[in-house]
Amino acid sequence: MRGALLVLALLVTQELGVKMAETCPIFYEVFIAVASGNELLLDFSLTNVNATEPERIAMKKMQDCYVENGLVSTALDALVTITISSSKDCTVEAVQNTVEDLKLNTLGR
């Protein structure tokens, strides 16, 4: 289920035109915080992204699922995330977006 949510999040981000170079570090920071089971780390990460109270509650519930399901579940989700992120399609897309962003930033100055 969480793997499907990851794919959906990546698709929505792309559709909204949000720059991958900006969203990837944020996604991984929050994902690591959620999967770690550390409430302080999660709170810090969510503060960095100005998460709303409903978003905080939802992320805490996801973190509770990780804690409940243990290390195997966390490792499997991390493996899925790494597999998706390092796939040829995702890598090519990330490189193309970064090159386009660099061109726009260079031309815009």
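In which helix is the place of Thr 81? Thr 81 sits in helix H4, which spans residues 53-85. Welcome to a short tour of this predicted model, an all-in-one look at its helices, its ring pairs and its charged pairs. The chain has 5 helices and 0 strands, and H4 will turn up again below in connection with salt bridges to helix H3.

**The chain as a whole**

- Reading from the N terminus, the order of elements is α-α-α-α-α.
- The chain has 109 residues, and 19% of them count as buried.
- Among contacts in the chain with a separation of 6 or more, 61% come from residues that are 24 or more positions apart.
- About 7700 Å² of the chain is exposed, and carbon and sulfur atoms supply 67% of that area.

**Thr 81 in helix H4**

- Is Thr 81 buried or exposed? With a relative accessibility of 5%, Thr 81 counts as buried, because the cut-off for buried is under 20% relative accessible area.
- The side chain of Thr 81 also has a polar partner: the backbone oxygen of Asp 77, reached at 2.9 Å.

**Helix H3, side by side**

- Helix H3 covers residues 39-48, and its buried residues are Leu 42, Ser 45 and Leu 46.
- Why do these buried residues lie on the same side of H3? They cover an arc of only 95° around the axis, and this places them on the same side of the helix.
- Leu 40 and Phe 44 are exposed, and they are carried by the face of H3 that is turned away from its buried side.
- At the start of H3, Asn 38 brings a side-chain oxygen to within 2.9 Å of the backbone nitrogen of Leu 40.
- Just after H3 comes Asn 50, which takes a positive phi of about 55°.

**Aromatic pairs**

- How many aromatic pairs does the structure hold? There are 3 of them.
- In the pair of Phe 27 and Tyr 28, the ring centres are 5.1 Å apart and the planes meet at 75°, so this pair is edge-to-face. The cut-off behind that label is an angle over 60 degrees.
- Phe 27 also pairs with Phe 31, and here the rings are stacked, with 5.9 Å centre to centre and 20° between the planes.
- Phe 27 and Phe 31 are 4 residues apart in helix H2 (residues 20-36), so about one helical turn separates them.
- Cover varies among these rings: Phe 27 is partly exposed at 24% relative accessibility, Tyr 28 is partly exposed with a relative accessible area of 28%, and Phe 31 counts as buried at 16%.
- Taken together, ring pairs join Phe 27, Tyr 28, Phe 31 and Tyr 66 into a cluster.

**Salt bridges**

- Side chains of opposite charge can pair when their charged atoms come close.
- The structure holds 3 salt bridges.
- Lys 60 and Glu 39 meet through their side chains in a salt bridge, at 3.4 Å from N to O. Lys 60 belongs to helix H4 and Glu 39 to helix H3, so this pair ties together parts that are 21 residues apart in sequence.
- Arg 56 and Asp 43 form a salt bridge in which the closest N and O atoms are 2.7 Å apart. Arg 56 is in helix H4 and Asp 43 in helix H3, so to speak a link between distant parts of the chain, 13 residues apart.
- Asp 64 and Lys 60 form a salt bridge with their closest N and O atoms 2.7 Å apart. Both residues lie in helix H4, 4 residues from each other, which is about one turn of the helix.
- Which residues are linked in a network of salt bridges? The members are Glu 39, Lys 60 and Asp 64.
- Several of the charged residues are partly exposed: Lys 60 has 26% relative accessibility, Asp 64 has 34%, and Asp 43 has 40%.

Technical notes: Residues numbered from 1 in each chain as written. Predicted model: local features only at pLDDT ≥ 70, side-chain atom pairs only at ≥ 80, totals over all residues. Heavy atoms only, no water. Buried < 20%, exposed > 50% of the residue type's maximum accessible area, 1.4 Å probe, protein only. Helix = DSSP H or I, 4+ residues; strand = E, 2+ residues; numbered from the N terminus. Arc of directions from axis to C-beta. Polar contact = N/O pair within 3.5 Å; in protein donor to acceptor, adjacent residues only side chain to side chain. Contact = heavy atoms within 4.5 Å. Areas by Shrake-Rupley, 256 points an atom, 1.4 Å probe, with all protein chains shown as cover. Phe/Tyr/Trp six-rings, centres within 6.5 Å; stacked < 30°, edge-to-face > 60°. Salt bridge = Lys/Arg side-chain N within 4 Å of Asp/Glu carboxyl O.
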